[in-house]
Amino acid sequence: MLRDILDSSQAGGRIIAFGSGKGGVGKSFLAANMGIHIAGLSKKVILVDADLGNANLHTYLNLPLKGLTLSDFISGKVSNLAPVTIQTDVPYLSLIPGGKAPLGVANIVYKKKIMFLKAIKRLSADFIILDLGTGVSFNVLDFFLIAHHKVVIARPEPASIENFYQFIKTALWRRLSSLIPDLMTRKRWEVSFDQEGEWGAKRVAEIISEAEGMLDGEVKKKIEEEFPRFAVKLILNWTTTADHRRLGYFIEKVCENAIGITLRYLGYIDNDLQVEESTRLRKPLLLNYPDSSVTRAIRNITNRLLIGYER
Ligand SMILES: Nc1ncnc2c1ncn2[C@@H]1O[C@H](COP(=O)(O)OP(=O)(O)O)[C@@H](O)[C@H]1O
Ligand SMILES: [Mg+2]
């Protein structure tokens, strides 16, 4: 059942997902470099290119797309992810490269998605990093929701922040509605959730309590239990001013006070020419500029993310 697969409360704390409402915010760049940093701590890391149909994580690691890829798993040519997992040049770091046949994976059907989600959960590694596609399609959200560390990346600009709020709202709705077994009820609840355009003004707890009569007691209880468990982490990328860098703390407060969601601001990464150059040359920043300020920022953010993962 989707409900059980999306349950990220189990022990482990080892799946990290990068999502974003807006594209081009730096998810793949960060996934690759964070993977390199964690692997450098002698932890086994598997990077998964789950940007179905738009795979490019291999390029950030300067690896050619040859041999088996995710397409072969999705099409059923191989039955598990082991033959698709390739060792990178970095010790302890492997990659599951995205599909070579984008049309075949971009719109995977429900059954295939469940198969893929289960296979990710079965992977054997200290950490699994999921680089996701952009936006709020169910395919993206479900990969985001299986993660223990749900990391959203945004740029400090109005459109990106707006998309950030839409992203977490939709992800929360998706998780909570997966607990409603009846399809018709789920649809009705979707409408009441969606109508809450200015949802910051009305906390989700109120929406849940107003659903009295729509949801049966057992389901409502499950939703009430699950809601406080939904926690998100934020990284601001492409910051240039002190105001940008502080914005994360403001968003933290909005999430807590106006929406009722736990959000932890992990930090910022400045706009930096070395990032651009490293991407162009296909040399991961952490290897190309091991002592730069952005490299240090990525290391600090990753360490902050990992603190407490063994709890
Ligand atoms: N802090 C930064 N400063 C400068 N360029 C950046 C920064 N972060 C990301 N980029 C560049 O932005 C582009 C898009 O990044 P990418 O990781 O592919 O985005 P996404 O995966 O979110 O679509 C890449 O060329 C990357 O090198
Ligand atoms: Mg990407």
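How do the residues of the shell around ligand 1 divide into nonpolar, polar and charged? In this predicted model, the split is five nonpolar, eight polar and three charged. The shell holds 16 residues, and Gly-26, Lys-27, Ser-28, Phe-29 and Thr-279 come nearest to the ligand. Three elements give two or more residues each to this shell: helix H2 (27-39), strand E7 (231-239) and helix H13 (273-280).

Let's follow H2 away from the ligand. With 13 residues at 1.5 Å a residue, H2 should span 18 Å, and because its end C-alpha atoms are 18 Å apart, the expected and modelled spans agree. H2 is also mostly covered, with 13 of its 13 residues buried.

That brings us to the largest nonpolar core, which has 85 residues; Ala-17, Leu-47, Ile-129, Leu-130 and Leu-234 touch the most other members. H2 gives the most to this core, namely eight residues. Take Leu-130 as a way in: leaving aside neighbours within four places in sequence, its contacts include Ile-15, Ile-16, Ala-17 and Phe-18, along with Val-48, Ala-50, Phe-143 and Ala-147.

Now for a loop. Leu-52 sits between strand E2 (45-50) and helix H3 (57-60). Is this loop residue buried or exposed? Leu-52 has 26 C-beta neighbours inside 10 Å, so it counts as buried, the cut-off being 20 or more. Again setting aside neighbours within four places in sequence, Leu-52 is in contact with Gly-98, Gly-99, Val-105, Ala-106, Ile-108, Gly-133 and Asn-139. As for Lys-112, it is 60 residues from Leu-52 in sequence, while their C-alpha atoms are 12 Å apart in space.

Technical notes
Residues are numbered from 1 along each chain as its sequence is written. Chains are lettered from A and ligands numbered from 1 in the order in which they are written. This is a predicted model: local features need pLDDT of at least 70, side-chain atom pairs count only at pLDDT 80 or more; totals for chains, interfaces and linings use all residues. A residue is near a molecule or strand if its C-beta atom, placed from the backbone, lies within 6 Å of it. Helices (H or I, at least four residues) and strands (E, at least two) are DSSP runs, numbered from the N terminus. Ala, Val, Leu, Ile, Met, Phe, Trp, Tyr, Cys and Pro count as nonpolar, Asp, Glu, Lys and Arg as charged, and the others, Gly among them, as polar. A nonpolar core is a set of buried Ala, Val, Leu, Ile, Met, Phe, Trp, Tyr and Cys residues joined through C-beta atoms within 7 Å. A residue is buried if 20 or more other C-beta atoms lie within 10 Å of its own, exposed if 12 or fewer, and partly exposed in between; C-beta atoms are placed from the backbone. Two residues are in contact if their C-beta atoms, placed from the backbone, lie within 7 Å. The expected span of a helix is 1.5 Å times one less than its number of residues.
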